[in-house]
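Me: I have just opened this protein and would love a close look at a single part of it. Could you pick one strand and walk me through its surroundings?

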Amino acid sequence: MSLKAILDKTIVRIDTLPELDLRLASSSGNLSCQECGERLIYKHGEIRIAHFAHYAANPNCDFSNETREHEETKLFM
Ligand SMILES: [Zn+2]
């Protein structure tokens with residue numbers, strides 16, 4: 001999971017864009033991983049916090065395997 005993605009060649013944080021914009025970007029395939037460049041999707045459910053996930057799992061990407069706690073820590077550094 002990741003809390004950052006690339007949208008229109010710019011790195012965006014998940015908490016800086018309106019949810020509707022994130023959903024539209026996700027459904028149209030415009031979000032990509034800053035590490036590996038693969039497509040990301042926006043996920044926001046009842047249980048887990050909003051985050052980006054790889055559309056197809058990528059075991060070679062560090063961001064694919066990070067925990068929420070690790071990613072949140074990096075956001076505030
Ligand atoms: Zn990736």
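Reply: Here is a friendly tour of one strand, beginning with the whole chain. Please keep in mind that this is a predicted model. The protein has three helices and five strands, and their order along the sequence is β-β-α-β-β-β-α-α. Of its 77 residues, 21% count as buried.

Let us settle on strand β4, which covers residues 40-43. Its side chains alternate between two faces. On one face you will find Leu40 and Tyr42, which are buried; Ile41 and Lys43 point to the other face and are not buried.

Next, look across to the partner of β4. Strand β5, residues 51-54, runs antiparallel to β4, and four bridges join the two. As a landmark for your eye, Lys43 stands opposite His51 of β5.

Now follow the buried face inward. Leu40 and Tyr42 both belong to the largest nonpolar core, which has 11 residues in all. Other members include Ile14, Leu22, Phe52 and Phe63. Both β4 and helix α1 (19-27) supply at least two residues of this core.

Ile14 is a good place to end, since this core residue leads back to the partner strand. Setting aside neighbours within four places in sequence, Ile14 is in contact with His51 and Phe52, among others. Its contacts also include Leu22, Leu3, Lys4 and Ala50. As for the protein overall, among contacts between residues at least 6 apart in sequence, 43% join residues at least 24 apart.

How values were computed:
Residues are numbered from 1 along each chain as its sequence is written. This is a predicted model: local features need pLDDT of at least 70, side-chain atom pairs count only at pLDDT 80 or more; totals for chains, interfaces and linings use all residues. A residue is buried if 20 or more other C-beta atoms lie within 10 Å of its own, exposed if 12 or fewer, and partly exposed in between; C-beta atoms are placed from the backbone. Two residues are in contact if their C-beta atoms, placed from the backbone, lie within 7 Å. Two strands pair if DSSP finds at least two bridges between them. A nonpolar core is a set of buried Ala, Val, Leu, Ile, Met, Phe, Trp, Tyr and Cys residues joined through C-beta atoms within 7 Å.
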